[in-house]
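Got your viewer open? Keep the selection box handy, and we'll walk from stop to stop together.

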Amino acid sequence: DGCGHTVLGPESGTLASINYPRTSPNSTVCEWEIRVKPGQRVQLKFGDFDIDDSDSCHSSYLRVHNGIGPNRTEIGKYCGFGFQMDGLITSKSNEVTVQFMSGIHTSGRGFLAAYSTTDKSDLITCLDNASHFSEPEFNKYCPAGCVIPFADISGTIPHGYRDSSSLCMAGVHAGVVSNTLGGQINVVISKGIPYYEGSLANNVTSKVGPLSTSLFTFKTSGCYGTLGMESGVIPDSHITSSSILEWPNQTGQVNIWKPENARLKRIGPPWAAFISDEHQWLQIDLNKEKKITGIITTGSTLAEHYYYVSAYRILYSDDAQKWTVYREPGMGKDKIFQGNTELYQEVRNNFIPPIIARFFRINPLKWHQKIAMKVELLGCQFSIGRAPKITLPPPPQNKNEKNAEFMDDFIHSVKTSLQTDKTTFTPEIKNTTVTPSVTKDVALAAVLVPVLVMVFTTLILILVCAWHWRNRKKKTEGTYDLPYWDRAGWWKGMKQFFPTKSAEHEETPVRYSSSEISHLRPREVPTMLQTESAEYAQPLVGGIVGTLHQRSTFKPEEGKEASYADLDPYNSPIQEVYHAYAEPLPVTGPEYATPIIMDMSSHPSTPLGAPSISTFKAAGNQASPLVGTCNKLLSRTDSASSAQALYDIPKGQPGPGSADQLVYQVPQSVAHPTGSKDE
């Protein structure tokens, strides 16, 4: 009468003294006989040990034996308050006997222990929680029987469980291990959350929990997605039932609670059976074989109809003819699943191991008022084919040793292939969707494509920069060391593309003599303009421009004509007279002076300093024809005026002229050969 919580599974289990964790009663005894598969051994681990040792383990103690029955041998005898046993107690065979004796005592909680086969080196007990481990991720083995009434958990999946929760009990609630079988858990620790929800799953109630510094969750196979009841992937025609509830309401309208109404979270009435007995069922056709890992159920979800199913069985089939009732491995009876405790709450139950089937049937066993429910199935696609049926070839007429050997080899090969089909494992993926297969080529392309893009982009940038630098270097080569956008050649080349003003906007056209026009010939203006250096002053800006002729930057002096005393720099005895500036400049406003063409053949010798005579006259005057021979243009005046340049600089710049003088002046007088002057 001293046995407390006990679950003895085929590979692991949990046992505790009576009334644990409270004080055990006096004069009680309990004996557990543990057996595992032959060839294996048993290891025992204590989660808590608190037995009165006032009489030196004489009347109150825990004794462990190798074997069962009269031939067993003692491994050890233990007692003490708060006794700490860090290691494991290991048997020498596959059988162990654990004996608990409780004499006269006033205190002592008793004990709680877990056992497993020796190949589970990471065994823990049902009392271990996440705060006992410092690693951010770890694997442990949970024994069977960890759904205990004296342990609490807070939280749910996928949000996580509070760090004070029992690891193994939370694993049962999450559906990663079975309470009757135990199993391996993969735990991940992360930062806590302010609030933990409560829920009912796998016969474990999770309570609402407050803020904690950390939480834990489990890595799973990822096969926990919905299979189509709520989303409508499963058509209405694939949802059938044993009977349908039909009844008229107060207005006389007939309400039909059809099986297609049994979709989780669907607004409206659920499916309900016309007759409430243990022979009713709701059937779902998944269209093909699928891996079913769990089920979620609710009641009617209608406050005026307080109906729900509190317990049910699960059946499955491949052809809807032969049905199999779900049982846990090693159990000789059907598994009864806990259903709802009220009409709204969603209750989840997991299948460990999962069900592989096309047809799925729910058989209600207990209900409140009427059988009514809404359902969703959890799972994923099942891609592993079933083992082929064994078809033996017809036996030969003459049976001999060779034929017998052939048959043995054939059967052995078939058995080997069947065993190979069974040894498949699902990869650990932390999601609820079917994971696509990713090849190495895709991964390689994902790395090479960005690298190639970066390389080609860098090469293009280098080429663009080199081309830009080369062009800029070419443009910087000119007469003056100025920025390329300020060079006269560039500006002259661009001005040829500007539009010309119409004739009516011109104030006074520039006039040329007939002899000057006759000496002109066609030429390539853009080339000549771009190669010409800036030898003339910049155009006048401001209000003075309006007083000048539209196409000349030289302003004649008022009251007299200016004369030019220099030699003719453009007249050639061999070639015709020609210059790039003989034609009018564009209407947009000339920037440089028009070249001066003179007839120096008949000019008399003019003394230095005499006033110059310009061949261009003011409006209304006509210049004389120009005839002459080729003479050199002097670049400087004589020694008396050697400090003065041939042309004055523009207004606003430092120079010999005063601010009151004209912005542009005629060329200064220089010595030239003797000749007659034409009027």
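What follows is a tour of cores, a cavity and a few backbone oddities.

**Before you click**

This is a predicted model, in which local features need pLDDT of at least 70 and side-chain atom pairs count only at pLDDT 80 or more, while totals for chains, interfaces and linings use all residues. Residues are numbered from 1 along each chain as its sequence is written, and side-chain values use heavy atoms, with hydrogens and water left out.

**Stop 1: the nonpolar cores**

Select Ile 295, Ile 314, Phe 351, Phe 360 and Ile 362: these have the most contacts inside the largest nonpolar core, which has 26 residues. Now colour strands E22 (282–298), E23 (308–317), E26 (347–368) and E27 (372–381), since each supplies at least two residues of this core. (Strands, E, are DSSP runs of at least two residues, numbered from the N terminus.) A nonpolar core here is a set of buried Ala, Val, Leu, Ile, Met, Phe, Trp, Tyr and Cys residues joined through side-chain atoms within 4.5 Å. Buried means under 20% relative accessible area, exposed means over 50%, and partly exposed is in between, using a 1.4 Å probe and protein chains only. Why look for such groups? In soluble globular proteins, nonpolar side chains tend to be buried together.

Zoom in on Phe 360. Setting aside neighbours within four places in sequence, its contacts include Leu 282, Ile 292, Trp 323, Ile 355 and Leu 377. (Contact means heavy atoms within 4.5 Å.)

Another core, of 24 residues, lies apart from the largest one; try selecting Val 36, Phe 46, Tyr 61 and Met 85, which are among its members.

**Stop 2: Asn 94**

Keep Val 36 on screen and add Asn 94, in the loop between strand E7 (89–90) and E8. The side chain of Asn 94 reaches the backbone oxygen of Val 36 at 3.0 Å. Is Asn 94 buried or exposed? Its relative accessible area is 18%, so it counts as buried. Beyond four places in sequence, Asn 94 is in contact with residues including Ile 34, Lys 37, Pro 38 and Val 42.

**Stop 3: Gly 103**

Next, follow strand E8 (95–102) into the loop that leads to strand E9 (110–117), and pick Gly 103. With 8% relative accessibility, Gly 103 is buried. Residues up to four places away in sequence aside, Gly 103 touches Asn 26, Ser 27, Ser 59 and Ser 60. Draw a distance from its C-alpha to that of Asp 55: you should get 9.6 Å, for residues 48 apart along the chain.

**Stop 4: a cavity**

Stay here and select Ser 24, Asp 50, Ser 60, Phe 100, Met 101, Ser 102 and His 105, which are among the residues lining the second largest cavity. About 50 Å³ of space lies inside this cavity. Which strand gives the most to its lining? E8 does, with three residues. The lining divides into three nonpolar, seven polar and two charged residues.

**Stop 5: backbone oddities**

Select Ile 157 and Pro 158: a cis peptide bond joins them, with omega about 5 degrees. Pro 158 is in the loop between strands E11 (155–156) and E12 (160–162). Another cis bond runs from Ile 352 to Pro 353, with omega near 0 degrees, and Pro 353 is in strand E26.

Finish with Gln 369, in the loop between E26 and E27. Its phi is near 65 degrees, a positive value in a residue other than glycine. Gln 369 is exposed, at 53% relative accessibility.

Notes. Helices (H or I, at least four residues) and strands (E, at least two) are DSSP runs, numbered from the N terminus. On a 1 Å grid over the protein atoms alone, a cavity is a set of points where a 1.4 Å probe fits but cannot get out, and a pocket is an open set with protein on both sides within 12 Å along at least five of seven lines; lining residues have an atom within 4 Å of a point. Grid points are joined across faces, edges and corners, and a volume is the space filled by probe spheres set on the points. Ala, Val, Leu, Ile, Met, Phe, Trp, Tyr, Cys and Pro count as nonpolar, Asp, Glu, Lys and Arg as charged, and the others, Gly among them, as polar. A polar contact is a pair of N or O atoms within 3.5 Å; within protein, one must be able to donate a hydrogen and the other to accept it, and residues adjacent in sequence count only if both atoms are side-chain atoms.
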